[in-house]
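User: I'd like to go through this model with you, starting with the cysteines and then moving on to the empty spaces.

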Amino acid sequence: MKISPDREVTAITFDSRQVNDSTVFVAIRGAKADGHSFLAEVLKKNPAAVVIEISEGPQDSVSTQTLTHALASVPSAVTVVKVPDTRVELERLARVFYGDPAEKLFSVVVTGTNGKTSTTYMVEAVLNHLKKPTGVIGTVNHHLGDHVWQTELTTPDALTLQRRLADFVELGAKAVAFEASSHALSQNRVGSIAFDAMIFNNLTRDHLDYHKTMEEYLLAKEKLFLELPAKIKTQKKNQPVAIINYSDEYGPRIRVAENVKLLSYGEVQSDFQFKILKCDFAGTEFELKTEKETKKLHIPLVGKHNVYNAVAAIAVGVSMGATLEVSHAGLNKFTGVPGRLQRVPHSKGLNVFVDYAHTDDALKTVLSALHEVRKTAGLTSKIIAVFGCGGDRDKGKRPLMAKAAIAGADQVVITSDNPRTESPGSIIDDILSGVMQTEMSHIVVEIDRKIAIRKAIEMAQPGDVVLIAGKGHEDYQIIGAQKFPFSDFAVAEEVLNGL
């Protein structure tokens with residue numbers, strides 16, 4: 001990996017070695033490629049330094065031979081830094097190089113399977129209301145006010161992350177809220193950031209193609225609360241807080257470091273305990289109780305899952321010394337996140353939503369929210385769900401997605417998502433393995449996603465709900481190795497305008 005900085009630096013220290021100001025290459029062992037295999041080519045360009053990984057465990061013979069051959073012809077002017085883990089060193093190098101920007105920001109990180117994006121946006125709203133201009137780094141984009149940077153990863157690589165934090169500082173940010181995926185935690189992309197607040201939303205089946213078991217998945221998340229705070233040195237004076245959802249079965253299992261204050265939240269007995277009072281398509285009213293006060297609050301968002309996210313964000317504000325009322329005030333006009341139960345505006349009398357739900361639990365959650373609204377409003381209208389599953393990802397969740405859709409919707413349209421290198425038909429076959437023969441009358445299969453969305457909207461009657469799930473804010477579809485322009489929101493708008 002090449003580091004081409006856009007800021008000047010005079011020297012970087014690696015274990016007491018001084019590396020002069022120039023290009024540094026860090027060789028990363030990835031899942032599909034090993035950066036060490038490019039060293040011979042890199043060395044021809046005379047970098048100031050190369051950072052390589054020499055682990056204590058058994059070495060792959062091919063990799064070792066390639067590395068030995070490359071290092072045999074290292075120019076004398078090139079410094080070779082040998083480390084046990086180049087991912088750790090890349091993160092440390094990036095942090096030092098960009099002047100440790102996280103030390104200058106009130107840093108909030110959100111982890112969990114579902115709700116990370118919504119929670120970071122709500123934290124942004126709360127902190128902005130508290131006069132702390134807040135940058136956001138996450139799945140949708142990176143942004144600070146009107147400044148927007150596009151992204152493809154939930155949590156960027158360590159170099160991009162540190163550069164973005166530095167951008168935020170330069171633009172006047174006082175805080176940052178970002179998502180930490182389990183991949184990012186496992187790959188040490190945030191390994192030296194001193195977080196002021198760490199939020200755990202929930203843990204449900206996802207990414208088991210990477211973590212293998214739910215226990216491994218949990219441990220990757222727990223690292224944020226236990227391992228990192230224990231080892232990070234910081235000049236910040238405030239005690240960091242862990243804000244953990246105790247209504248989730250995994251929440252009470254998460255251990256936190258001794259220097260971290262634990263705050264629990266949820267519908268169960270906790271530091272921030274809430275109860276839903278009323279829910280409709282205009283928003284949700286709930287009661288929030290802490291040790292010091294109890295308030296009736298309202299958010300202009302649909303569903304219990306959004307209340308969970310809101311309570312976590314409010315807890316951040318309270319941990320900073322604000323009251324419940326002041327913390328909540330930042331959410332009074334919060335209109336939601338692109339692709340997160342986002343309503344498609346029109347005048348046809350239908351309730352059409354686009355949502356990023358791409359796991360069985362997320363689909364259950366959003367459909368449950370729509371059911372609750374329907375029940376509260378006393379409606380008898382149908383709920384129609386459109387969804388697919390991405391290719392080259394956890395196949396085990398495909399039949400589970402089908403079961404969740406059938407349980408929560410009156411009619412289901414199964415279609416393609418991002419098939420990548422898999423056959424869309426075979427993906428749909430995997431989904432249908434979760435459907436009983438007696439349930440097939442509730443199923444429509446349409447591989448073409450645009451046509452599937454059209455069919456779902458056309459079968460809806462006034463008052464019905466159409467949920468288009470899986471892609472949310474994405475404005476592309478990945479077929480093979482290529483990206484093609486595609487937006488669920490835009491397609492739904494086009495269909496509705498044509499009715």
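User: Is Cys 279 buried or exposed?

Analyst: In this predicted model, Cys 279 is buried, because its relative accessible area is 4%, which falls under the 20% cut-off for that class.

User: And Cys 389, buried or exposed?

Analyst: Cys 389 counts as buried too, because its relative accessibility is 4%.

User: How many disulfides turn up in the whole structure?

Analyst: A search over the whole structure returns zero disulfides.

User: Switching to pockets, how much space lies in the second largest one?

Analyst: The second largest pocket holds about 470 Å³ of space, and its lining is made up of 18 residues, with Leu 263, Phe 272, Thr 290, Lys 292 and Val 318 lying nearest its centre.

User: Which elements give two or more residues to that lining?

Analyst: Strand S14 (261-266), strand S15 (272-280) and helix H10 (304-319) are the elements that each supply two or more residues to the lining of the second largest pocket.

User: What's the mix by class there?

Analyst: The lining of the second largest pocket has five nonpolar, seven polar and six charged residues.

User: How many cavities of 30 Å³ or more are there?

Analyst: The count comes to two cavities of 30 Å³ or more, and the second largest cavity has about 30 Å³ of space.

User: Which residues line the second largest cavity?

Analyst: The second largest cavity is lined by Ser 118, Leu 301, Asn 306, Gly 336, Val 337 and Arg 340; by class, that lining has two nonpolar, three polar and one charged residues.

Conventions: Residues numbered from 1 in each chain as written. Predicted model: local features only at pLDDT ≥ 70, side-chain atom pairs only at ≥ 80, totals over all residues. Heavy atoms only, no water. 1 Å grid on protein atoms, 1.4 Å probe; cavity = no way out; pocket = protein on both sides within 12 Å on 5 of 7 lines; lining within 4 Å. Points joined across faces, edges and corners; volume = space filled by probe spheres on them. Helix = DSSP H or I, 4+ residues; strand = E, 2+ residues; numbered from the N terminus. Nonpolar A, V, L, I, M, F, W, Y, C, P; charged D, E, K, R; others polar. Disulfide = S-S within 2.5 Å. Buried < 20%, exposed > 50% of the residue type's maximum accessible area, 1.4 Å probe, protein only.
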